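Student: I am new to this structure and should be grateful for a close look at one part of its surface. Please begin with a single residue and then connect it to the rest of the chain.

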Amino acid sequence: MPQPRDDPAAARWTALVGRLRADADALVTEFVDRVRAIGPYGRGVVPHEVLEADADRTFDYLLRRVAGQPVPERLIDIGPSIGRDRARRGVPLNDLLTAVRLDFRVLWAGLVERAEPAEEPLLVAHVEDVWAAVEDYTTQIQVSYQAEAALLARERQGERTMLVASLLAGRDPDPDEVKRLAVALDVDVDADLLVAAATAAAGPGLRRAADRLGADGRMVHVQTTGRHVVLIARWEGGTGAPVRAALAGVPCGVGPLAHGLADVPHSARIAGEIVDVSTGTAGPRELTDAWLPLAAARLTDTAAELVRSELGGLAEVPHRERERLLAAVRAYATTGSVAQVAARLYCHRNTVLNRLRRFAELTGRDVTVPTDAAVVLLALECLR
């Protein structure tokens, strides 16, 4: 805070700060030398000439502040501008704050070096003022950095969303678009990718799974496509159990592992189809779990004809008998064992054989014959 002009102590303090301002180049050199020991700065993320120019303006600003002198318009925005610049250059916030707090060390060392023995009480009296000026400056930089980083994140997310939407909408991805998306997602264009799809209702669960997957730093992107929510994640774990563990508790369809971004649209379409034919599923369902319902769904116009031709013989059978016959057929198709079917349905094995025989008489299909069983199972899926 400015002191009265006739305050001798204030005049001596202003004179001491003035001696340091006269040698501000030494402060800049000291700061730049020290800041080069901080990772990103040592690697040249911020060019040398930018560092020097920013340091020169920074010490001009801070010295005016600690001397209680007015700050000119050209220096008012120096802190926020540095925060925005470092965010755009990708300097981590912790490294930036470490660098900014060097300002106090360099500034204070300069004051101590230039103070006469009789001026030591001045240093004691003003140490908090110097510290407060640097901390306020640091806060300005941090706030502007965080605001710029949030803006950049939204811009990057918007670009990723646009590029992923374009990828998923086509069947023959443009190679240049695929490369752009690889850069936006920060993933190799040929990386293996896990692709899953869920309904809008199951979307929150899929997003929570994405958060878990991304916790170890892997690339994960979740996007709403209209009917589905689609997850794309870099993947090294293979299929089967690792996928079920990663997506545990999420009712979703999992497409074939995409070997590169260009394979993602195909995998996403299959994942969406699996979701559409899966009802009452509590967890992830891969293609190996969904061949029958998927094939039945793709029959479209011929599905009804398949049901009529293969199961039409059951039409005149009383409802309760028809349900018993179908239960036996489904259980046998699952186990292939008359004994296991009998145990599952709580009846004698001869009863099971009689029901299978009766079904064959009515439909002309013997489910103990693999080719007949395949046709019957497909017809039953269409019946669902």
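**A charged patch and its surroundings**

Tutor: D25 counts as exposed, with a relative accessibility of 57%; here exposed means over 50% relative accessible area, buried under 20%, and partly exposed in between (1.4 Å probe, protein chains only). The model is predicted: local features need pLDDT of at least 70 and side-chain atom pairs count only at pLDDT 80 or more, whereas totals for chains, interfaces and linings use all residues. Residues are numbered from 1 along each chain as its sequence is written, and side-chain values use heavy atoms, with hydrogens and water left out.

D25 belongs to helix α2, which covers residues 24-35. Helices (H or I, at least four residues) and strands (E, at least two) are DSSP runs, numbered from the N terminus. On the surface, D25 joins E49, E52 and D56 in a patch of negative charge. The patch is built from residues with over 30% relative accessible area and no salt bridge, like charges being joined within 9 Å (for nonpolar patches, the side chains of Val, Leu, Ile, Met, Phe, Trp and Tyr are joined within 5 Å). Asp and Glu count as negative and Lys and Arg as positive, while His and the chain ends are not counted. The charge is placed at CG of Asp, CD of Glu, NZ of Lys or CZ of Arg. Accessible areas come from the Shrake-Rupley method with a 1.4 Å probe, and for residues only the protein chains shown count as cover. The greatest contribution to the negative patch comes from helix α4 (residues 48-67), with three residues.

Helix α4 also takes part in pairing of charges. Side chains of opposite charge can pair when their charged atoms come close. A salt bridge is counted where a side-chain nitrogen of Lys or Arg lies within 4 Å of a carboxyl oxygen of Asp or Glu, and this rule yields 26 salt bridges. One of them joins R65 to D136, with 3.1 Å between the closest N and O atoms. R65 is in helix α4 and D136 in helix α8, so this pair links parts that are 71 residues apart in sequence. Both ends are partly exposed: R65 has 29% relative accessibility, and D136 has 34%.

Helix α8 runs over residues 120-169 and includes P121. P121 is exposed, at 56% relative accessible area. Its C-alpha atom is 9.6 Å from that of A9, although P121 and A9 are 112 residues apart along the chain.

Further along the chain, R180 forms a salt bridge with E177, the closest N and O atoms being 3.4 Å apart. In this case both residues lie in helix α9 (residues 175-185), three residues apart, or about one turn of the helix. R180 is partly exposed at 39% relative accessible area, as is E177 at 30%. After helix α9, the loop leading to β1 (192-199) holds D186. Most residues other than glycine have a negative phi. D186, however, has a positive phi of about 60° although it is not a glycine; D186 is also exposed, at 68% relative accessibility.

Another salt bridge places R218 and D216 together, with their closest N and O atoms 3.2 Å apart. Its two ends contrast in cover: R218 is buried at 15% relative accessibility, whereas D216 is exposed at 53%. Elsewhere, D54, R57, D85, R86 and R89 are joined into one network by salt bridges that share partners.

Towards higher residue numbers, G313 sits in the loop between α14 (303-311) and α15 (319-335). G313 is partly exposed, with 30% relative accessibility, and its C-alpha lies 8.7 Å from that of F359, 46 residues away in sequence. Y346 occupies the loop between α16 (338-345) and α17 (349-363). Y346 also has a positive phi of about 60° without being a glycine, and it is exposed at 78% relative accessible area.

Finally, the whole chain may be considered. It contains 18 helices and six strands. Its radius of gyration is 36 Å, well over the 21 Å given by the globule rule for 384 residues, so the chain is more spread out than a compact globule. This radius is taken over C-alpha atoms, and the rule is 2.2 Å times the number of residues to the power 0.38. The C-alpha trace spans about 115 × 45 × 30 Å along its principal axes, and 43% of the 384 residues count as buried.
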